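Got a minute to go through the reasoning behind some structural labels? Here is the model in question.

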Amino acid sequence: MFFIFSDYLAIMFSYSSSSASLAPLISEFLKIMCLYIIPVPLGVVAGNVFQAFGKGTASLLLTANRSLILDVIFCAIAAFVLSAGAVGIYWGIVIGDIVGSIMAYAAIVWYVRRLDKNGFFKKNTA
């Protein structure tokens, strides 16, 4: 929906004559950032699972890694090294979140498998 209606949504945020020139940039931002919505649940679920197991610090580290460290690294690479400017920053956010969410999801899968291997999820048959 964001991708299809990005031009119309951009007009909502640039309706005045002084901000009309921003409409194409806002539309492009919305088209790229709609990809951001896809990996977010993996990272959020992983963080919430760690919190549910009482591992709030691990959850914080995964979220900081995804939202701060990787996003900044990929934004810097895209914007400065690849000279992609603002569009590079948008793609850097998307790629950083994809990589961070995959890492967070892999961490939670590893953690749950380790708990299962140690018998954490075995039913009490007594």
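Q: What makes Ala 20 partly exposed?

A: First off, this is a predicted model, so every value here is computed from it. Ala 20 has a relative accessible area of 39%. Buried needs under 20% and exposed needs over 50%, so Ala 20 lands in between and gets the label partly exposed.

Q: And where does Ala 20 sit?

A: Ala 20 is in the loop between α1 (6–13) and α2 (23–33). Its C-alpha atom is 9.2 Å from that of Ala 10, and the two are 10 residues apart along the chain.

Q: What is the overall make-up of the protein in helices and strands?

A: There are five helices and zero strands, so reading from the N terminus you get α-α-α-α-α.

Q: How do you know whether the protein is a compact globule or more spread out?

A: Set the radius of gyration against the globule rule: the protein has 19 Å, while the rule gives 14 Å for 126 residues. The value is well over the rule, so the protein is more spread out than a compact globule. As for the C-alpha trace, it spans about 75 × 30 × 20 Å along the principal axes.

Q: How much of the protein is buried, and what does the accessible surface come to?

A: Buried residues make up 29% of the 126 residues. The accessible surface comes to about 8400 Å², and 72% of that belongs to carbon and sulfur atoms.

Q: Why is the pair Asp 97 and Arg 66 called a salt bridge?

A: The N to O distance between their side chains is 3.2 Å. The cut-off is within 4 Å, so the pair qualifies as a salt bridge. By this rule the count for the model is one.

Q: Which parts of the chain does that pair link?

A: Distant ones: Asp 97 is in helix α5 (residues 85–117) and Arg 66 is in helix α4 (residues 56–81), with their positions 31 residues apart in the numbering.

Q: How do you know whether Asp 97 and Arg 66 are buried or exposed?

A: Asp 97 has 1% relative accessibility and Arg 66 has a relative accessible area of 7%. Buried means under 20%, so Asp 97 counts as buried, and so does Arg 66.

Q: What does Asp 97 touch?

A: Leaving out residues up to four places away in sequence, Asp 97 touches Tyr 36, Pro 39, Val 40, Arg 66 and Asp 71.

Q: Why is the disulfide count zero?

A: The sulfur of Cys 34 is 16 Å from the closest cysteine sulfur, in Cys 75, which is too far for a bond. A disulfide needs the two sulfur atoms within 2.5 Å, so Cys 75 is in no disulfide either.

Q: What makes Cys 34 and Cys 75 buried?

A: Cys 34 is at 18% relative accessibility and Cys 75 has a relative accessible area of 13%. The limit is under 20%, so Cys 34 counts as buried, and Cys 75 does too.

Q: Which residues form the nonpolar patch on the surface?

A: Leu 68, Ile 69, Ile 73, Ile 77, Phe 80, Val 81 and Leu 82 form the patch, with about 750 Å² of accessible area together.

Q: Why is Leu 82 called exposed?

A: Leu 82, in the loop between α4 and α5, is at 61% relative accessibility. Exposed starts over 50%, so Leu 82 counts as exposed.

Terms used. Residues are numbered from 1 along each chain as its sequence is written. This is a predicted model: local features need pLDDT of at least 70, side-chain atom pairs count only at pLDDT 80 or more; totals for chains, interfaces and linings use all residues. Side-chain values use heavy atoms; hydrogens and water are left out. Helices (H or I, at least four residues) and strands (E, at least two) are DSSP runs, numbered from the N terminus. Buried means under 20% relative accessible area, exposed over 50%, partly exposed in between (1.4 Å probe, protein chains only). Patches are made of residues with over 30% relative accessible area and no salt bridge: like charges are joined within 9 Å, nonpolar side chains (Val, Leu, Ile, Met, Phe, Trp, Tyr) within 5 Å. Accessible areas come from the Shrake-Rupley method with a 1.4 Å probe; for residues, only the protein chains shown count as cover. The radius of gyration is taken over C-alpha atoms; the globule rule is 2.2 Å times the number of residues to the power 0.38. Contact means heavy atoms within 4.5 Å.
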